[in-house]
Amino acid sequence: MASLIYVVEDDQNIREIESFALKNSGYIVESFDCGKTFFNKVHNKVPDLVLLDIMLPDIDGLEILKRMKSDFELCNIPVIMVTAKSSEIDKVKGLDQGADDYMTKPFSPSELVARVKAHMARYERLVGTNQKQQNDIVEIRGIRIDKTARRVYVDGVEKT
């Protein structure tokens, strides 16, 4: 089954270029022009990867990234920032906040697809080799939940 990619980009031309390149590479693509529409959809249908602009009309892309990384359902989704913000500090900020990759505009559609393929391959290996852990054990920020054993650990210490 083809992977689902969400594109969050307010510029219609760029959104169409990204979507076209990804669809031609066999991905299913849904696109959003703002953070609000993205968040209205993402919990109903979780994507396999997100392409995310920073400068959006409603919610800043870095804020979207922050919310995703702190959300139990969304925190493991690979995120590639695709933005006009090209200074070193912007790149470091995006990567430090949890982006898996950072591309600046203008970009090559073939490079975009190559980066998506690399992240999807890594993600699929992770899910494939850790399927039991993905389903039964969840870890985030020092908290570990073992759903099968019905146990919760905080910083390695079981809580009852």
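## A cluster of aromatic rings

Phe38 has a relative accessible area of 0%, and because buried means under 20%, this residue counts as buried. This description rests on a predicted model, and Phe38 is a useful place to enter it. Its neighbour in the sequence, Phe39, is likewise buried, although here the relative accessible area is 18%. The two residues form an aromatic pair whose ring centres lie 5.2 Å from each other, and with an angle of 65° between the planes the arrangement is edge-to-face.

In total, the structure contains 4 aromatic pairs. Another of them joins Tyr6 and Phe32, where the ring centres are 4.9 Å apart and the planes meet at 70°; because planes over 60 degrees apart count as edge-to-face, that is the name given to this pair. The pair connects distant parts of the chain, since Tyr6 belongs to strand 1 (residues 4–8) and Phe32 to strand 2 (residues 28–32), with 26 residues from one to the other. Tyr6 is buried, at a relative accessible area of 0%, and Phe32 is buried as well, at 7%. Taken as a group, Tyr6, Phe32, Phe38 and Phe39 are linked by ring pairs into a cluster.

## The parallel sheet

Which strands make up the sheet with parallel pairing, and in what order? It is an open sheet of 5 strands, and their order across the sheet is 2-1-3-4-5. Strand 2 and strand 5 (101–104) occupy the edges, and because each has a single partner strand, one side of each is left without a neighbour in the sheet. On average, and with direction ignored, neighbouring strands of this sheet are turned by 20° against each other.

Strand 1 and strand 3 (residues 49–52) run parallel and are joined by 4 bridges. Within this pairing, Tyr6, the residue already met in the ring cluster, stands opposite Val50 in strand 3. Helix 1 (residues 12–24) packs on the sheet and touches strand 1, strand 2, strand 3 and strand 4 (79–83), while the direction of the helix makes about 170° with that of strand 2.

## The antiparallel sheet

A second open sheet has 4 strands in the order 6-7-8-9, and its pairing is antiparallel. Strand 6 (137–140) and strand 9 (157–159) are the edge strands, each of which pairs on one side only. In this sheet, neighbouring strands are turned against each other by 25° on average, again with direction ignored.

Strand 6 pairs with strand 7 (residues 143–146) in the antiparallel sense over 4 bridges, and Val138 has Ile145 in strand 7 as its bridge partner. These two strands form a hairpin with 2 residues between them, and in this hairpin Arg141 takes a positive phi near 45°. Farther along the chain, strand 8 (residues 151–154) and strand 9 pair in the antiparallel sense over 3 bridges, with Val154 standing opposite Val157 in strand 9.

## A residue in helix 4

Where is Val92 found, and is it buried, partly exposed or exposed? Val92 is part of helix 4, which covers residues 88–96. Its relative accessibility is 40%, and because values between 20% and 50% count as partly exposed, Val92 belongs to that class. From Val92 to Ser110 there are 18 residues in sequence, and the C-alpha atoms of the two residues are 24 Å apart in space.

## The chain as a whole

Considered as a whole, the protein chain has 6 helices and 9 strands. For 160 residues, a compact globule would have a radius of gyration near 15 Å, and the 17 Å of this protein chain agrees with that. The C-alpha trace spans about 55 × 35 × 30 Å along its principal axes.

Of the 160 residues, 40% count as buried, and Tyr6 is one that is buried. Among the contacts in the protein chain with a separation of 6 or more, 54% are between residues 24 or more positions apart. The accessible surface of the protein chain comes to about 9,100 Å², and 50% of this area belongs to carbon and sulfur atoms.

Key: Residues numbered from 1 in each chain as written. Predicted model: local features only at pLDDT ≥ 70, side-chain atom pairs only at ≥ 80, totals over all residues. Heavy atoms only, no water. Phe/Tyr/Trp six-rings, centres within 6.5 Å; stacked < 30°, edge-to-face > 60°. Buried < 20%, exposed > 50% of the residue type's maximum accessible area, 1.4 Å probe, protein only. Pairing = 2+ DSSP bridges. Axes fitted to C-alpha atoms, helices over the stretch in contact; angles between N-to-C directions. Rg over C-alpha atoms; globule rule 2.2 N^0.38 Å. Contact = heavy atoms within 4.5 Å. Areas by Shrake-Rupley, 256 points an atom, 1.4 Å probe, with all protein chains shown as cover.
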